[in-house]
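Me: I've got a new structure open and I'd like a close look at just one part of its surface. Can you walk me through it slowly, and then tell me what else is worth a look?

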Amino acid sequence: MDTREHARYEVADRVATITLDRPEQLNAFTRQMRDELIAAFGRADADDDVRAVIVTGAGRAFCAGADLSAGTGPFNYASREATGLEDRRDGGGRVSLRIFECRKPVIAAVNGAAVGVGVTMTLPMDIRIASSEARFGFVFGRRGIVPEACSSWFLPKVVGISQAAEWLYTGRVFGAEEALAGGLVSRVVPPEELLPAARALAREIADHTSPVAVALARQMLWRMAGADHPMEAHKVDSRGILAMGASPDVVEGIASFKEKRLPKFPMKASTDMPSFYPWWEERPFK
């Protein structure tokens, strides 16, 4: 196995930055990258000093998709039977599910080509900012493979079913402006402004918001995307308001507002989540 990191992890100013780091291979996705990404999000969740996560790519690409240097190997999961059932799961899906579970907001800073798993891994991230040089492609049909990384669940929720269908069925590569028009990214900026814009957004979260309130809100948004009735949202809203309305964080939030200063929220996402969290694991919901 390549001993160099395929996904570098750094923390500064309460923001973790994960950099896909195979620039000579356009940051093509490998099993090592899969494992390092999963581990990196675990580190971010465990560190209360980390308030937001940025994911970007080294060099001129974000991620050009699965590493195809070994031919069909990345897609031939049946050949891995001897290594056990876990290795037959879609690697991109394992990354997407770990991002989905994250308690911290995740910002994709898409600096270049984001194709195949390079774009689907960004879908469970909360906000995508694109360089004007970024290119996107859900190219699976052109490779004779189906969408992966849970994208058949995430993509329609992010951009709507019609736009998702167009991009998936054609498999074409498209530019940042089409991604903006289709709702895949929230803004397009010049290349030199990409990381500053992502960091400014991450710092706005870090400086002004409660880590517990944001962790709850993140899961409320994603979990309610699959709910079958707004009553499910009402149930968890009510629990959240009840728990956080009597918490030290709301006391600090109101005090800092009145005193016109930055808040210093005392609660931690690693240890102080309300007792009803994670509510979605209850069977039945009560």
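Which residues form a nonpolar patch on the surface, and about how much accessible area do they have together?

Reply: Quick housekeeping before the patch. This is a predicted model, where local features need pLDDT of at least 70 and side-chain atom pairs count only at pLDDT 80 or more, while totals for chains, interfaces and linings use all residues. Residues are numbered from 1 along each chain as its sequence is written, and side-chain values use heavy atoms, leaving out hydrogens and water.

Your patch is made of Val250, Val251 and Ile254, which together have about 240 Å² of accessible area. (To join a patch, a residue needs over 30% relative accessible area and no salt bridge, and nonpolar side chains are joined within 5 Å, like charges within 9 Å; a salt bridge is a Lys or Arg side-chain nitrogen within 4 Å of an Asp or Glu carboxyl oxygen; areas are Shrake-Rupley with a 1.4 Å probe.) Start with Val250: you'll find it in helix H10, residues 248-259. (Helices are DSSP runs of at least four residues, strands of at least two.) Val250 has 31% relative accessibility, so it counts as partly exposed. (Buried is under 20%, exposed over 50%, partly exposed in between.)

Now go to strand E5, residues 106-110. Here 5 of the 5 residues are buried. Val106, Ala108 and Val110 sit on one side, with Ile107 and Ala109 on the other, so to speak, and both faces are covered. E5 has strand E3 (residues 52-57) as a parallel partner over 3 bridges, with Val55 bridged to Ala108. (Pairing takes at least two DSSP bridges.) E5 is also joined by 4 bridges to strand E7 (residues 127-131), again running parallel, and there Ile107 has Ile127 as its bridge partner.

Zoom out and you get an open sheet of 6 strands, in the order E1-E2-E3-E5-E7-E10, with mixed pairing. Strands E1 (7-12) and E10 (187-189) are at the edges with a single partner strand each, so one side of each has no neighbour in the sheet.

There is another open sheet too, with 4 strands in the order E4-E6-E8-E9 and mixed pairing. Its edges are E4 (61-63) and E9 (173-175); each has a single partner strand, so one side of each is left without a neighbour in the sheet. Inside that sheet, strand E6 (residues 113-115) and strand E8 (residues 135-137) run parallel, joined by 3 bridges, and Val115 stands opposite Gly137 in E8.

Conventions:
Buried means under 20% relative accessible area, exposed over 50%, partly exposed in between (1.4 Å probe, protein chains only).
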